[in-house]
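Here is a short tour of the chain in front of you, arranged by topic. Take a look at the structure, then read on with the viewer open.

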Amino acid sequence: MTGPAADSPDGQARVRQGRCRFERCPACGTPTHVHPGIDGREIALQPGNHPAGLLPPRNLRHLSHGIVYPGADPREYGTARIEHVSICLSLPRPAHPVLAELWRALSLRAACERNANRR
Ligand SMILES: [Zn+2]
């Protein structure tokens, strides 16, 4: 594995599949993991796993062999991935309470990162 994902500044990019790459969202600047979807288009996932049972089913994604599939993977013990666009800071805060909380947490993390970069 080479490239920026292996040494991303936030230290969260632990890329297991060669087809993933670390990329900052062009709209809000926060880190994402970009993978191909089943139709071949690139999908920016939010780094980390999220509680599948608390999120709207239509927002759930899972990875298999580096490809993004809709829905949660039953082998992931109740966690799932979400697309970055579900909580992108360039968009209004989501109406769903858990997505809204993830959006809020991401906005706090982005603010902390901006402050750290100013020092
Ligand atoms: Zn974004």
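A residue is called buried here if 20 or more other C-beta atoms lie within 10 Å of its own, exposed if 12 or fewer, and partly exposed in between. By that count, 24% of the 119 residues of the chain are buried. Please keep in mind that this is a predicted model.

**Overall layout**

- The chain contains one helix and seven strands.
- Reading from the N terminus, the elements follow the order β-β-β-β-β-β-β-α, with the helix at the end of the list.
- Among contacts with a separation of 6 or more, 42% join residues that are 24 or more positions apart.

**The four-stranded sheet**

- What is the strand order in the open sheet of four strands? The order is β4-β7-β5-β6, and the pairing is antiparallel.
- The edges of this sheet are taken by β4 (50-51) and β6, each with a single partner strand, so one side of each has no neighbour in the sheet.
- Strand β5 is largely enclosed by the rest of the structure, because four of its five residues are buried.
- On one flank, β5 is joined to β6 by four bridges, and the two run antiparallel.
- Two bridges connect β5 to strand β7 (residues 79-82), again in the antiparallel sense.
- R61 is a handy residue for seeing both pairings: its bridge partner in β7 is R81, while in β6 it stands opposite P70.
- Another pair to pick out is L63 with V68, its bridge partner in β6.
- As a general reminder while you inspect these strands, side chains in a regular strand alternate between the two faces of the sheet.

**Two hairpins**

- Strand β2 (residues 31-36) and strand β3 (residues 42-45) pair in the antiparallel sense through four bridges.
- Within that pairing, H33 has L45 as its bridge partner in β3.
- The β2 and β3 strands make a hairpin with five residues between them, and G40 in the turn has a positive phi of about 90 degrees.
- A second hairpin is formed by β5 and β6, with two residues between them.
- Where does H65 sit? H65 lies in the loop between β5 (60-64) and β6 (67-70).
- The phi of H65 is near 55 degrees, a positive value in a residue other than glycine.
- Is H65 buried or exposed? H65 is exposed, because 8 other C-beta atoms lie within 10 Å, and the cut-off for exposed is 12 or fewer.
- H65 and R19 are 46 residues apart in sequence, yet their C-alpha atoms are 9.0 Å apart in space.

**Nonpolar cores**

- Which residues make up the largest nonpolar core? There are seven: A52, L60, A72, A80, I82, I87 and L102.
- A72 touches A52, L60, H62 and A80, leaving aside residues up to four places away in sequence.
- Apart from the largest core lies another one, of five residues, including A44, L45, L63 and V68.
- Two members of that other core, L63 and V68, also face each other as bridge partners, with V68 in β6.
- L45 is a member of the five-residue core too, and L45 is the bridge partner of H33.

**Two further residues to look at**

- F22 belongs to strand β1 (residues 21-24).
- F22 counts as buried because it has 20 C-beta neighbours inside 10 Å.
- The C-alpha atoms of F22 and L45 are separated by 9.8 Å, although the two residues are 23 apart along the chain.
- S107 is found in helix α1 (residues 97-118).
- How does S107 come out in the burial count? S107 counts as partly exposed, because it has 15 C-beta neighbours inside 10 Å.
- S107 and C88 are 19 residues apart in sequence and 9.1 Å apart in space, C-alpha to C-alpha.

Technical notes: Residues numbered from 1 in each chain as written. Predicted model: local features only at pLDDT ≥ 70, side-chain atom pairs only at ≥ 80, totals over all residues. Pairing = 2+ DSSP bridges. Core = buried A, V, L, I, M, F, W, Y, C linked by C-beta atoms within 7 Å. Contact = placed C-beta atoms within 7 Å.
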